[in-house]
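Colleague: Hi! Could you walk me through this one with me?

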Number of protein chains: 2
Amino acid sequence: MTDGADGGATVAKTPTSADVAREAGVSQSTVSYVMSGKRPISPETRRRVQDAIDRLTYEPHAGARALAGHRTSTIAVVVPVNPESGAQRLMMFVEEILLAARRRDHDVLLVTADEGPAGLRRVAGRSLCDAVVVMEVGTRDDRVDVARGLPLPVVFIGIPDDAAGLDCLDFDFEAAGRLLVAELAGLGHRTVDVLGWRPAVAAQGINYVPRFERGARAAAEERDVELRWHRPSGEPDVRRVVDGVLASGDVPGLVLAAAVPETLRVLADRGRLPGRDIDVVGLALDAEAEPYGLTATSPQPRDVSRRVMERVFALLDGAAPRGREHELVPAVLVRRASTHSARAVG
Amino acid sequence: MTDGADGGATVAKTPTSADVAREAGVSQSTVSYVMSGKRPISPETRRRVQDAIDRLTYEPHAGARALAGHRTSTIAVVVPVNPESGAQRLMMFVEEILLAARRRDHDVLLVTADEGPAGLRRVAGRSLCDAVVVMEVGTRDDRVDVARGLPLPVVFIGIPDDAAGLDCLDFDFEAAGRLLVAELAGLGHRTVDVLGWRPAVAAQGINYVPRFERGARAAAEERDVELRWHRPSGEPDVRRVVDGVLASGDVPGLVLAAAVPETLRVLADRGRLPGRDIDVVGLALDAEAEPYGLTATSPQPRDVSRRVMERVFALLDGAAPRGREHELVPAVLVRRASTHSARAVG
DNA sequence: CTGAAAGCGCTTACAG
DNA sequence: CTGAAAGCGCTTACAG
């Protein structure tokens, strides 16, 4: 790493766009326009500038760019600290957000949910990002009001009770609840056991819990099915409940809103085969269902994230001008493999 | 949200430090110094400025600050895309990094490992961060060479083969391997089964695999113990291996480098009690060991993260001037509860 | 203890 | 198709 050229003990200062301009024999504004593509550049000029950029391994200073351009090219993501739906699920959401951001040459800033509404104010007020994605929203969430007043797009993954004027996007948990119960009703079950989220989760007021329950209850009423709710609070509890269910009927019908891996493990342990000894449907990750020969189809967390990021960039591009009404990603089922083909719900 | 005051349809522009200065009747530099604490300010002035800040809900523009101050107050963290050691572990590392960063009023930028060495160049070149933390480093990792040439601190969680001149920090996996084997040898085991990482992980060249194996092998040789390595590639495989181990002796000795939850589940299923029917020691998260009445003590991922962030800030503060030699966080054991008291290894 | 001013490295009207 | 220059909102010598 010797630097000859301008014979002196020059320290390798990181190059600026002025350096690139000089090297290419053009003005600084031309360098900027070559990089942004915001005005026509002659091929010859473009080449010279690009060469200079490569030769100097120039990278634009993000802060300077943000200051002058009023855009940070950064998306902030508010993540739950102790994710109730599991670290794996959380990472799937985040991973796809990261990839989608990078595809548009954006970066991702992580913010912990424990900063609460103040966190939103901070990242917006300091111009740390161009948009915010908020995960694990509550049925009543203080961040919602702050979001409404923020001068930048905020997209929620999840739907609070009062979603008016908000950009929300999520699985359609209500449709999911309805569909899963209807599915078992269709198979002739008059009684259906439901494994819901742990009491701790429900108590925390996470938005999807009541949404799912509403759908399931509606379908049960409609189809005249009796629902037996269980809210096991840990693996041993799940095993107890599942054993109870197995003992309760010939071929019981079970809906899994949560506790998918634990349930599938117990069933495997007991030698009970979904689709033969018990009818099981539920919300699952691909990775959870597949090892047991079950089928989980799209959408998965990454599908939600993808839609969320599409929405984020649409808002940033001004391509979704009136935005703000909420969309739903269809819910998904796990089904007994082969017997039924898995399909998504619209 | 009406804005009277200067009677006009003024849009609520986000306030700048110049606005604060005017409001407080001081100069802009004084506002800056009040915020940074870099020079003495009279109590009276400080109060007036602070009031103005509060009244205007002023937040400094991060980009402007980075540009003028040559510091971004941001730490970049490079995370693996498909974390081999699990999403839960990963999130524990990240969570503590986030919290430690916020305690120092810093933010965290997430970078995916699939950007490779270019990702390091990018975040450094664009001045997106003041320091970088790299997770899941390989035994031979191209990011290592890039890191050496970077004008900002890079701290690795994990130790590559060539760690010369690097800031690395990690569990002491070699000591752990040595200690776990020695522990079982001390209990009289002449043969010890080891559950290692999946072949896929080992093939990927993750740094801690050979480190652990080296330690375990050394202790086995020293204590004249026979090691039987297993590298199960999934839960069913783990069950098979564990069943084999259970059948192999009266009270077998088992070391868990990986697959802790799966193993503890099988043992529970089989009604085999650690400490009575089998001697089990290994590397575990608190959350993995506790439900089975076993004891995992510090250090946990959060302890490593904490040390990593201490190191990051020490480097940023110039408090670790010659830095660069690597430190190890002591390794941890899970033990049979009550029988042994868990202790950390120095 | 405080202020006036230069300057950080970009982007974007304005001009040609 | 390209350039000269103002300005984004801070921090930090420099001066007093």
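Colleague: What does the side chain of B:Thr30 have 2.6 Å away on DNA strand C?

Modeller: A phosphate oxygen: a polar side-chain atom of B:Thr30 sits 2.6 Å from it in this predicted model. In chain A, an N or O atom in the side chain of A:Ser32 is likewise 2.6 Å from a phosphate oxygen of DNA strand C. A:Arg65 has a polar side-chain atom 2.9 Å from a phosphate oxygen of that strand.

Colleague: Nice. Which elements give two or more residues to the surface near DNA strand C?

Modeller: Those are α2 (28-36) and α4 (62-69) of chain A, plus α2 (28-36) and α4 (62-69) of chain B. The largest share, five residues, is from α4(A).

Colleague: And how many residues surround DNA strand C?

Modeller: There are 28, and the closest include A:Ser32, B:Thr30 and B:Arg39. By type, the surface near DNA strand C has eleven nonpolar, twelve polar and five charged residues.

Colleague: What share of the strand C atoms within 4 Å of the protein belongs to sugar or phosphate?

Modeller: It's 54%, with the rest belonging to bases.

Colleague: Changing topic: how many disulfides are there over all chains?

Modeller: Zero, from a search of the whole structure.

Colleague: Why is there no bond from A:Cys168 to A:Cys129?

Modeller: Because the two sulfurs are 17 Å apart, too far for a bond, and A:Cys129 holds the closest cysteine sulfur to that of A:Cys168. In chain B, the sulfur of B:Cys168 is 17 Å from its closest cysteine sulfur, in B:Cys129, also too far.

Colleague: Is A:Cys168 buried or exposed?

Modeller: Buried, at a relative accessible area of 2%. B:Cys168 is buried too, at 3%.

Note on methods:
Residues are numbered from 1 along each chain as its sequence is written. Chains are lettered from A and ligands numbered from 1 in the order in which they are written. This is a predicted model: local features need pLDDT of at least 70, side-chain atom pairs count only at pLDDT 80 or more; totals for chains, interfaces and linings use all residues. Side-chain values use heavy atoms; hydrogens and water are left out. A residue is near a molecule or strand if one of its heavy atoms lies within 4 Å of it. A polar contact is a pair of N or O atoms within 3.5 Å; within protein, one must be able to donate a hydrogen and the other to accept it, and residues adjacent in sequence count only if both atoms are side-chain atoms. Helices (H or I, at least four residues) and strands (E, at least two) are DSSP runs, numbered from the N terminus. Ala, Val, Leu, Ile, Met, Phe, Trp, Tyr, Cys and Pro count as nonpolar, Asp, Glu, Lys and Arg as charged, and the others, Gly among them, as polar. A disulfide is a pair of cysteine sulfur atoms within 2.5 Å. Buried means under 20% relative accessible area, exposed over 50%, partly exposed in between (1.4 Å probe, protein chains only).
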